[in-house]
Amino acid sequence: MKYLCFENANGLELLTVGRFVAVEDYIHAKRNLTDAVLLLGVEGECPIEQDGKETVLKKGDFRILFPNMTHYGTGIAKSGQSHFWCHFNLPQQHIICGEIKASELKKKGYVVIPQYSYLNDYSKIFVLFSQLIDSSESDIYNRRICCSYLEILLCLLSDSCFLQSKIQTKKVTVRLEEWIRFMDFKNISVKYLAKELGYNANYLSRVVKQESGLTPIEFINKTRIKMAKNLLINSNMKTVAIAEKCGFTDEKYFLKVFKKYENVTPTQYRNAFFRKNLNKV
């Protein structure tokens, strides 16, 4: 795998950005561009090959398509497939290299981003992409703001991938978060959680606190709010339905917890990202 590395963002320039939604089955076009492209999967699957390596862009995946390298679809992407896309010029002093060199540069403080990876929690990236789109569509287009958003986006990708390489040190909270995401539950207790995950209740409380700095209930609520944020900006569901889907039986309590973690109401959060730049096949 190749890595994009840069120490400063001099020359980093946003060209265009948006969100793609397929209205029918398609195959990604064969292209060789002079600019770089960042893709973030939202729905469905899109198989793409670059530099002799085939990968499938799925929800939570990102891909960097490097300039002067041919990329193309290797199979059919179904109707409904969707992803964010961003064309940009690379920093002037960027380096594209292999893993060993990238590891050395990371230790020196460089921004280091793999050619492709999966993000366990891509909600921040999703929100930032939405902000970047909104800024690019603003009636008063501010190039500096857009380039700053792009720089932050690339830095977050770098940090997210680095943190994921350390994820084995947080095994309990990883299991707990996955369980919260895929299980439908409302009335819970630490004792119930411990039984479901095969832990002693005291042990679960202690380890979750060590790994996250939160109590199990606080960790659950924070995970639920992450789920709610994704639904707020990626669906038309009403707030009461989102609250219920994320495990809150009381809408007022949901509003209270949401504002505690986000400092805004769910409606204010949704309104901040209601604009979407959608292009269709």
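A salt bridge is a side-chain nitrogen of Lys or Arg within 4 Å of a carboxyl oxygen of Asp or Glu. With that rule in hand, let's work through some exercises together.

The model is predicted, so local features need pLDDT of at least 70 and side-chain atom pairs count only at pLDDT 80 or more, while totals for chains, interfaces and linings use all residues. Residues are numbered from 1 along each chain as its sequence is written, and side-chain values use heavy atoms, with hydrogens and water left out.

**Exercise 1. Salt bridges**

Find which residue forms a salt bridge with Lys 78, and say where the two partners sit.

Solution.
- Start with the total: the structure holds 5 salt bridges.
- Lys 78 pairs with Asp 25, and their closest N and O atoms are 4.0 Å apart.
- This pair links distant parts of the chain, 53 residues apart: Lys 78 is in the loop between strand S7 (71–73) and S8, Asp 25 in the loop between S2 and S3. Helices (H or I, at least four residues) and strands (E, at least two) are DSSP runs, numbered from the N terminus.
- Now check the accessibility, where buried means under 20% relative accessible area, exposed over 50% and partly exposed in between (1.4 Å probe, protein chains only). Lys 78 has 53% and is therefore exposed, whereas Asp 25, with 41%, is partly exposed.
- For another case, Arg 143 and Glu 13 meet through their side chains in a salt bridge at 3.9 Å, N to O. That pair also links distant parts of the chain, with Arg 143 in helix H3 (residues 143–164) and Glu 13 in strand S2, 130 residues apart.
- Arg 143 is partly exposed at 47% relative accessibility, and Glu 13 is partly exposed with a relative accessible area of 27%.

**Exercise 2. Strand S8 and its partners**

Decide how far strand S8 (residues 82–89) is enclosed by the rest of the structure, then describe its pairing with S2 and S3.

Solution.
- Because 7 of its 8 residues are buried, S8 is largely enclosed by the rest of the structure.
- Two strands pair if DSSP finds at least two bridges between them. Strand S2 (residues 13–21) is joined to S8 by 8 bridges, and the two run antiparallel.
- Within this pairing, Gly 18 has Trp 85 of S8 as its bridge partner.
- Strand S3 (residues 36–43) also runs antiparallel to S8, joined by 7 bridges. Here Val 37 stands opposite His 87 in S8.

**Exercise 3. Around Phe 248**

Classify the ring pair of Phe 248 and Tyr 253, and place Phe 248 among its aromatic and charged partners.

Solution.
- A pair of aromatic rings is described by the distance of the centres and the angle of the planes.
- Rings of Phe, Tyr and Trp (its six-membered ring) pair if their centres lie within 6.5 Å; planes under 30 degrees apart count as stacked, over 60 as edge-to-face and the rest as tilted. The count comes to 7 aromatic pairs.
- The centres of Phe 248 and Tyr 253 are 6.0 Å apart and their planes are at 55°, so this pair is tilted.
- Phe 248 counts as buried at 3% relative accessibility, while Tyr 253, at 39%, counts as partly exposed.
- Both belong to one aromatic cluster with Phe 254, Phe 258 and Tyr 269.
- Finally, a charge sits over a ring if NZ of Lys or CZ of Arg is within 6 Å of the ring centre and within 35 degrees of the ring normal. Arg 224 lies over the face of Phe 248, at 5.0 Å from the ring centre.
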